[in-house]
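Thanks for sharing this one. Here are my notes, in numbered points, to read alongside the model.

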Amino acid sequence: MDFQTKTARLISEFTLDLATLRQISLDFEKAMDAGLAGQKSTLKMLPSFVGLPTGGEYGSALAIDFGGTNVRTMNVNLDGNRGARINNIRRIGLKNPVLGRDLTTEESTGEELFQFIAQELKDIPKSTKPQPLGCTFSFPCDQINLKSAKLINWTKEFKTRDTVGREINELLTSGLVYQSLEHIEVTAIINDTVGTLLAGSYQSANVDIAAICGTGHNACYLEPTHPLTGAPMIVNIESGNFDGIPQTRFDKELDLTTYNPGSQQMEKMVSGRYLGVLIGRVLQELYRDTGLPISAQLAELRSISGEDIDNILLDVAPFETIAKIFKERFDTETTAEQRQAIQKIIRAISERSARIVAATFAGIVRHIDSAGERPHVIAIDGSLYEKIPKYSEHLQNALRELLGQQNQVRTILAKDGSGLGAAVAAILAVGSADTNFCYPSPGTDVPETTMSASPLDDVSSKEQ
Ligand code: GLC
């Protein structure tokens, strides 16, 4: 087949028209209703046992942000006026090929994983009172109350042994005891989407939906009257498991290569963990079906990196960056025409991701505000939304197509919000007045590592 025809076919396979988006959106809304009513649904609609903060909460808490293979620990001070200061941020990799460490495989146990994470809190100065700690644990959990959550199943290719079905607070608390950190009390375990919503709504008004568009994908929202309590509660949708989106043959093939075929179908179509794999497969077929020579590197390509995707999408004619990437990574010479086609195909795949996500957002908005009467702000964290060129624009455009030009829905970047959100949850759990131990304690000179002003500035300065 000639190159232009093949390119056009591939692009059309990944293009979602408005009618399809509308259907996805309606089906998502129905799946939300069913999940919430406890009926069979691919959406777990997990209760979080926490509502929105007022912005007046104050105090100090430790936070762990466990979203994927990189875990962050920090100390957070809330000033009681929508402001926050984050100190002592540390990042640790659960995988370190140089040191031969990988805590995400079946070789490691849940105990080892949490002992390792707890170790990172050792350098934070101790206070005389118990220190509350909030932990985002970004996997589907059966939440029993704000401080107890049991892992239902791993996602994002995690396989750590002896963790599924276990109580995460217990594992983390044992890890803290193992590291002689008994003064730290784990007062909240939350999903990262919930953390992002708590952080976004602590900082600004009208934030009632949040999502992660990064390695994984998921969303949460404030259910105004939760069936369990009759009060407002944040619900972790676990949207990544939604299965109502038409799959291409590439999606079906990719699904079969994962450790959980059939599960997390939406996540495998939209999130960073899988987008590069999908693109790799499409490029291989483009070369194969048009008779272009395939180098060994291209034939064996498993996934294209997020950084390469961003650079390919940013390139302009005569597409020298793409030429360089193909030469260096795949030992492949390209013509300008081929490079332009490659960019268009990759754009179609990333645009599809943004449009699917937008369709589910529209479903959430209709669920909480069927008449579209109120303003809604969706706080989003994650590398796709932050970095993929035009991703946020595609998302906004699709939201306008679905909800109308006059809709009152805005999306904002809530960068690294979930750590702050974990601290907000920890403080909500114990009450502001009970966290008034000082950090840094008077007279201690603790260097501030980052985010001295407020992560709020970060959010508002990057509003889309
Ligand atoms: C996966 C997890 C979900 C998490 C999301 C983003 O989909 O199942 O709990 O929120 O990744 O990190």
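1. Let me start at one end of a sheet. Strand 14 (residues 376-381) pairs with strand 15 in the parallel sense, over five bridges; two strands count as paired if DSSP finds at least two bridges between them. In this pairing A379 stands opposite I412 of strand 15. Helices (H or I, at least four residues) and strands (E, at least two) are DSSP runs, numbered from the N terminus.

2. A word on the source: this is a predicted model, in which local features need pLDDT of at least 70 and side-chain atom pairs count only at pLDDT 80 or more, while totals for chains, interfaces and linings use all residues. Residues are numbered from 1 along each chain as its sequence is written, and side-chain values use heavy atoms, with hydrogens and water left out.

3. On confidence, pLDDT (the predictor's confidence in each residue, from 0 to 100) has a mean of 91 for the protein chain, and 93% of its residues reach 70 or more. Please read residues 437-464 with that in mind: pLDDT stays under 50 there, and the model has 57 contacts beyond four places in sequence for this stretch. Contact means heavy atoms within 4.5 Å.

4. Now the whole sheet. Six strands make an open sheet with mixed pairing, in the order 1-13-12-11-14-15. Strand 1 (46-47) and strand 15 are the edge strands, each pairing on one side only. Four of the five residues of strand 15 (residues 409-413) are nevertheless buried, so this strand is largely enclosed by the rest of the structure. Buried means under 20% relative accessible area and exposed over 50%, with partly exposed in between (1.4 Å probe, protein chains only).

5. Within that sheet, strand 11 (residues 207-213) and strand 12 (residues 217-223) pair in the antiparallel sense over five bridges, with A211 opposite A219.

6. Helix 4 (residues 168-178) has two sides worth a look. I168, N169, L171, L172, G175 and L176 are buried. Seen down the helix axis, these buried residues fall within an arc of 165 degrees (from the directions of the C-beta atoms), so they line one face. E170 and Y178, on the other side, are exposed. Among the elements covering the buried residues are helix 3 (110-119) and strand 7 (131-137).

7. Finally, the largest nonpolar core (buried Ala, Val, Leu, Ile, Met, Phe, Trp, Tyr and Cys residues joined through side-chain atoms within 4.5 Å) has 74 residues, of which Y221, I237, F361, I364 and L395 touch the most other members. Helix 12 (residues 336-368) gives the most to this core, with 16 residues.
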